[in-house]
Amino acid sequence: MRCVGVSVVWGERDVLPGWHLAWEPLARLRGDAGLCGGGVRVAHLDAGVSQSHPALSGAVVASASWDESLRLCAPVHEGWRLDHGTHTASTVVGRPVGAKGQGVGVAPGASLCVAQVVPGALRGVDGATLVSRMLTAMAWAIEERVQVLM
């Protein structure tokens, strides 16, 4: 994968002015050194991601969520609560998007393991529950053999 710069990070609906990032110095360094994150598995602990987002196309290799009893269940991949997780995941592993194939992520060759620790159904959970969910997600990430936890 060729590493290229980014002029815009794409939002869920359209380009969001508040999400512009200037990555040109990083892109040059990354491209010159050939560092794209290839072969690296990144665990993303957040509210989940929208797998249909073009910057995450082919990036997600595993995903998990947990119910109120911390039993593994199917994650939600679309919905209003996913904007933040999609943005942060795209900043890390985002694939080139747009007509010019602009790069979005700092490590576009990396793979993403998504742990949905704050799904929409659990809005307002207490701190102890959230800590339990985070620890459960970290254990899952270790089983998924991730090298980076975020």
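Below, a trainee and a mentor chat about a predicted model of a protein.

Trainee: Okay, starting from scratch: how many helices and strands does the protein have?
Mentor: The secondary structure comes to 3 helices and 5 strands. Keep in mind that we're looking at a predicted model.

Trainee: And what pattern does the protein follow along the sequence?
Mentor: Reading along the sequence, you get α-β-β-β-α-β-α-β.

Trainee: In what order do the strands sit in the sheet?
Mentor: The order is β3-β2-β4-β1-β5, in an open sheet with mixed pairing. β3 (72–73) and β5 (148–149) stand at the edges with a single partner strand each, so one side of each has no neighbour in the sheet.

Trainee: Which helix packs on the sheet?
Mentor: Helix α2, residues 83–93, packs there, and touches β1 (41–46) and β4 (111–116). The direction of α2 makes about 160 degrees with that of β1.

Trainee: How many residues of α2 are buried?
Mentor: 9 of the 11, so α2 is largely enclosed by the rest of the structure. Among the buried ones are Gly 85, His 87, Ala 89 and Val 92. What the buried residues of α2 pack against is β1 and β4.

Trainee: Back to the strands. Do β2 and β3 run parallel or antiparallel, and how many bridges join them?
Mentor: Antiparallel, with 2 bridges joining β2 (residues 60–66) to β3. Trp 66 has Leu 72 in β3 as its bridge partner.

Trainee: What about β2 and β4, parallel or antiparallel?
Mentor: Those two run parallel, and 5 bridges join them.

Trainee: Which residue in β4 is the bridge partner of Ser 65?
Mentor: Gln 116. Ser 65 also stands opposite Cys 73 in β3.

Trainee: How many residues lie between the strands in the hairpin of β2 and β3?
Mentor: There are 5 residues between the strands, and in that hairpin Leu 70 takes a positive phi near 65 degrees.

Trainee: Switching topic: how many aromatic pairs turn up in the whole structure?
Mentor: The search finds 1. Trp 66 and Trp 140 form an edge-to-face pair, 6.1 Å centre to centre, with 80 degrees between the planes.

Trainee: Where in the chain are Trp 66 and Trp 140?
Mentor: In distant parts: Trp 66 is in strand β2 and Trp 140 is in helix α3 (residues 127–143), 74 residues apart.

Trainee: Are Trp 66 and Trp 140 buried or exposed?
Mentor: Both are buried.

Trainee: You mentioned Cys 73. Why does Cys 73 count as partly exposed?
Mentor: Because its relative accessibility is 32%, and partly exposed covers the range between the 20% and 50% cut-offs. Cys 113, at 0% relative accessibility, counts as buried.

Trainee: How many disulfides does the count come to?
Mentor: The count comes to 0.

Trainee: Zooming out, what share of the protein's residues count as buried?
Mentor: Of its 150 residues, 41% count as buried. The protein exposes about 7700 Å², and carbon and sulfur atoms supply 59% of that.

Trainee: And what share of the contacts with a separation of 6 or more comes from residues 24 or more positions apart?
Mentor: Those residues account for 72% of such contacts in the protein.

Conventions:
Residues are numbered from 1 along each chain as its sequence is written. This is a predicted model: local features need pLDDT of at least 70, side-chain atom pairs count only at pLDDT 80 or more; totals for chains, interfaces and linings use all residues. Side-chain values use heavy atoms; hydrogens and water are left out. Two strands pair if DSSP finds at least two bridges between them. Helices (H or I, at least four residues) and strands (E, at least two) are DSSP runs, numbered from the N terminus. Contact means heavy atoms within 4.5 Å. Axes are lines fitted to C-alpha atoms, for helices over the stretch in contact, and angles run from 0 to 180 degrees between N-to-C directions. Buried means under 20% relative accessible area, exposed over 50%, partly exposed in between (1.4 Å probe, protein chains only). Accessible areas come from the Shrake-Rupley method with a 1.4 Å probe; for residues, only the protein chains shown count as cover. Rings of Phe, Tyr and Trp (its six-membered ring) pair if their centres lie within 6.5 Å; planes under 30 degrees apart count as stacked, over 60 as edge-to-face and the rest as tilted. A disulfide is a pair of cysteine sulfur atoms within 2.5 Å.
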